[in-house]
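Here are a few quick notes from my pass over this one. Have it open while you read, and shout if anything looks off.

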Amino acid sequence: MRGARQHPGAILLAIFLMLSGWPVSVAAHGGSSGSQAGIPIPSLTHGEMAVIAPYYGRIISIAESVSDTDETFRRLLNFAQIQRAYCLWGLMPGSVSDEESPFNECSHAYLAAAKAVLLQMRVMKVEKASVDDLVSDIDTELVRNSLSLILCKFSGESFNTADLIRPRLADIVIHRKSLAVILSAGLLVLAGLWFGARAFRPQAQP
């Protein structure tokens, strides 16, 4: 969502949860496993991603309200939500706009899944008006900005529900903006703990 605040505690909690469940092999190599056992998800251009990102919340909100679903739809929706969590819920700066961000590839993945969810809803028995309005808004935005022609190194990459994309830890360390946010959040939390400890420290008796 545009203008969302990057709360230090939320960022640190997200990083902790991501790392605590991160397999050793992924921590060493990062990226995806290349599995194709799940449902294939078409690739998404860099321009499409920039346009769809602000609509992610609306897409998921409508999708969660659908009662008559099939397995394909549920797996696509589940993938989009889990993949976004691995991408730290869009809290990292440049995760959508910066091709060099270690979170850019996983942003491509969850937004490609969100687009697939939206397209699935167009052929399902759902409230057509809300879906059609959302598709119309996104199409209008794409045409207005001519963003669908903009490509980046992940634009031709297709995804799969069996293959979660995780940011590489080494890339986070060398990406200045991501590292700055993590360090700043850590310092703010430590400062808050220090001031809290001082405030609750028993006063020395004279």
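**Notes on a pocket and a helix pair**

1. Let's begin with the second largest pocket of this predicted model. Its lining counts 15 residues, and Glu-100, Ser-101, Pro-102, Lys-153 and Asp-171 are the ones nearest the centre. The space in there comes to about 200 Å³.

2. Which helices each supply at least two residues of that lining? They are helix 6 (104-122) and helix 8 (169-174). Helix 6 gives the largest share of the lining, namely 3 residues.

3. If you're thinking about the chemistry of the second largest pocket, its lining splits into 7 charged, 6 nonpolar and 2 polar residues.

4. Helix 6 also has a packing partner worth a look. Its axis and that of helix 5 (residues 71-86) come within 8 Å of each other, crossing at roughly 150°. Because angles over 145 degrees count as roughly antiparallel, helix 5 is roughly antiparallel to helix 6. The crossing of the two is left-handed.

5. Now for who touches whom. From helix 5, the contact uses Thr-72, Phe-73, Leu-76, Leu-77, Phe-79, Ala-80, Gln-83 and Arg-84. Helix 6 answers with Cys-106, Ala-109, Tyr-110, Ala-113, Ala-114, Ala-116, Val-117, Gln-120 and Met-121.

6. How many nonpolar, polar and charged residues does the contact of helix 5 with helix 6 have? The tally is 13 nonpolar, 3 polar and 1 charged. Set that beside the lining of the second largest pocket, with its 7 charged and 6 nonpolar residues.

Terms used:
Residues are numbered from 1 along each chain as its sequence is written. This is a predicted model: local features need pLDDT of at least 70, side-chain atom pairs count only at pLDDT 80 or more; totals for chains, interfaces and linings use all residues. Side-chain values use heavy atoms; hydrogens and water are left out. On a 1 Å grid over the protein atoms alone, a cavity is a set of points where a 1.4 Å probe fits but cannot get out, and a pocket is an open set with protein on both sides within 12 Å along at least five of seven lines; lining residues have an atom within 4 Å of a point. Grid points are joined across faces, edges and corners, and a volume is the space filled by probe spheres set on the points. Helices (H or I, at least four residues) and strands (E, at least two) are DSSP runs, numbered from the N terminus. Ala, Val, Leu, Ile, Met, Phe, Trp, Tyr, Cys and Pro count as nonpolar, Asp, Glu, Lys and Arg as charged, and the others, Gly among them, as polar. Axes are lines fitted to C-alpha atoms, for helices over the stretch in contact, and angles run from 0 to 180 degrees between N-to-C directions. Angles under 35 degrees count as roughly parallel, over 145 as roughly antiparallel, 65 to 115 as roughly perpendicular and the rest as oblique. A crossing is left-handed if the near helix is turned anticlockwise from the far one by less than a right angle, and right-handed if clockwise. Contact means heavy atoms within 4.5 Å.
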